[in-house]
Amino acid sequence: MSQRRAASAPRQPRRLGVVVVDPLGIVRAGIGMLVANADGTELLAEAATADEALRAIARVRRSRVVVLVGLGLEEPHDASWLMREIRERYPFHAVLAVGANADPTSISRALFVGADGYVDKRVEPDEFFASIASVGEREMVLAGPTSGDVGQIADGIYRRRELDAMLTQREREVLAVAAEGLTAREIAERLGVRERTVTTHLGRIYGKLGVGNRLAAVRMAARSGLVSVGTPE
Amino acid sequence: MDGAAIDLFVFESDPVLEGVIRLAAAAAEGVGDVTVVTTIDVEIWSAPRPTIVVLDLAGGLDLSAVATIVEHAPLARVVVLSDRDDGPVVLEAMRRGVYGFVRKPDGLHELAETLTQIAAGERVVPPELERSAVDELRRFARQAHAASVVETSITAREREILALAAEGFTTHQIGRRLGISPRTVEAHIAKLYRKLGVKTRLQAVARAATLGLIDLDT
């Protein structure tokens with residue numbers, strides 16, 4: 001190729017690749033348009049489920065892209081699962097959680113499972129776009145949450161660490177299932193263990209957390225983001 | 001001005017700064033009487049009406065005092081007055097639930113402005129401080145994430161060995177304590193290195209301590 005041409009027209013820096021994952025078509029369309037119409041970004045793929053997203057990301061031939069993950073993803077794999085998977089399989093990709101008025105605990109959970117930031121759908125398009133660009137630059141982004149929320153988000157992560165330090169992995173699993181309101185027998189069935197084992201675990205969990213009953217234990221777990229109570233959005 | 005003025009309680013041992021806070025309170029809108037306190041008296045603040053509590057961190061208090069006040073007196077709006085404004089301090093203050101963060105060099109006008117906004121029910125943290133708190137949050141969240149990944153991958157035995165290595169025991173000593181051969185200990189340690197992404201025992205201990213997997217103080 002001619003050197004002269006290379007010198008007079010330096011190659012354009014590659015645009016930032018973006019993958020949009022959201023269960024709602026209208027949201028994918030809106031964000032997709034924003035990304036496709038902007039100068040610095042390029043829409044690489046969109047997906048409606050977590051599994052579809054992983055397949056799409058596997059096809060992407062880029063070392064670093066930004067994946068926007070809607071917190072409204074649910075069965076069979078939710079947003080937390082997807083963010084954890086991306087973080088593990090593609091450590092160089094950036095993950096930006098996207099929610100609508102998400103509570104601080106949901107944001108804590110997103111950051112805890114490996115998101116690089118959170119952007120709320122209620123922010124102005126300019127700010128939304130700036131968030132994508134910042135997260136592409138390896139900065140952490142919190143667009144939408146207030147000062148008070150920042151403190152609560154940090155507190156959620158802090159509590160989660162505390163809870164993790166106190167409970168074993170098995171105990172956390174038991175607590176997470178218990179939070180769904182199942183009986184000891186139902187929890188045992190779900191986890192494939194005996195009912196006695198579950199009651200032993202629960203007793204030990206209460207002791208470690210210093211609480212007297214399941215409700216108090218579940219409340220601590222919810223404040224730490226270990227379990228989600230209510231909807232993510 | 002609508003509604004009753006909000007009373008201000010000040011934890012401040014420096015008479016000059018106390019004077020400055022009084023001036024700021026007088027200049028602020030919506031702020032009523034000023035009372036200087038010398039102890040953290042949650043009795044006063046648990047009154048069923050909002051109060052503003054100004055805490056000077058130089059007066060022998062740490063940020064856990066904020067949590068104590070917020071827990072016992074949910075209507076109290078705590079403002080921290082600090083010499084330090086690095087990310088960890090600001091984030092910790094925000095995590096504990098402060099309404100405002102004022103740096104001492106910011107001066108009288110800033111303080112009066114902050115008190116006015118807090119009396120109106122807003123939270124006030126200067127934008128550049130919030131930025132450094134968010135940077136700190138990133139570090140904190142990444143570390144928490146890394147710790148949880150490692151935590152789910154290491155076994156109870158490996159953790160035991162890590163704790164003994166942190167206390168300075170040699171491979172042989174660890175083996176004797178746990179009733180296993182030194183070669184088995186070494187095999188466990190090799191696996192730990194891989195999971196922690198380190199190459200030496202010292203690095204392994206340091207990394208584990210950073211991630212909160214072991215506690216070096218005890």
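Confidence in chain B is lowest in helix α2(B), residues 42-45, with a mean pLDDT of 71, and highest in α8(B), at 94. Here pLDDT is the predictor's confidence in each residue, on a scale from 0 to 100, and helices (H or I, at least four residues) and strands (E, at least two) are DSSP runs numbered from the N terminus. Chain B as a whole averages 87, and 98% of its residues reach 70 or more. The scores for the model are ipTM 0.76 and pTM 0.79. This is a predicted model, in which local features need pLDDT of at least 70 and side-chain atom pairs count only at pLDDT 80 or more, while totals for chains, interfaces and linings use all residues. Residues are numbered from 1 along each chain as its sequence is written, with chains lettered from A and ligands numbered from 1 in the order in which they are written.

Turning to the fold, chain B has ten helices and five strands. Its radius of gyration, taken over C-alpha atoms, is 24 Å; the globule rule (2.2 Å times the number of residues to the power 0.38) gives 17 Å for 218 residues, so chain B is more spread out than a compact globule. Along the principal axes, the C-alpha atoms of chain B fill a box of roughly 75 × 30 × 30 Å. Some 36% of the 218 residues are buried, meaning that 20 or more other C-beta atoms, placed from the backbone, lie within 10 Å of the residue's own; 12 or fewer makes a residue exposed, and anything in between partly exposed.

What does chain B offer to chain A? Contact here means C-beta atoms, placed from the backbone, within 7 Å, and by that test 21 residues of chain B touch 21 residues of chain A. On the chain B side, the elements giving two or more residues are α4 (87-96) and α6 (127-153). The biggest share comes from α6(B), with 14 residues.

Helix α6(B) turns up again in the core. The largest nonpolar core (buried Ala, Val, Leu, Ile, Met, Phe, Trp, Tyr and Cys residues joined through C-beta atoms within 7 Å) has 109 residues, and those with the most contacts inside it are A:Leu96, B:Val78 and B:Val79. With eight residues, α6(B) gives the most to this core. Leaving aside neighbours within four places in sequence, B:Val79 is in contact with residues including B:Ile52, B:Val54, B:Tyr99 and B:Ile118. Another core, of 15 residues, lies apart from the 109-residue one, and A:Leu167 and A:Val174 are among its members.

Further along chain B, helix α7(B) (residues 156-166) has B:Ile161, B:Leu162, B:Ala165 and B:Ala166 buried. Seen down the helix axis, these buried residues fall within an arc of 135° (the arc of the directions from the axis to the C-beta atoms), so they line one face of α7(B). Their cover includes α8 (171-178), α9 (182-196) and α10 (201-210) of chain B. After α7(B) comes B:Gly168, with a positive phi near 95°.

Two non-glycine residues of chain A also have positive phi. For A:Asn101 the value is near 55°, and this residue sits in the loop between β4 (94-99) and α5 (104-112) of chain A. For A:Arg138 phi is near 65°, in the loop between α6 (125-136) and β6 (141-143) of chain A. A:Asn101 is exposed, with 11 other C-beta atoms within 10 Å, and A:Arg138 is exposed with 11 as well.

Methods
Two residues are in contact if their C-beta atoms, placed from the backbone, lie within 7 Å.
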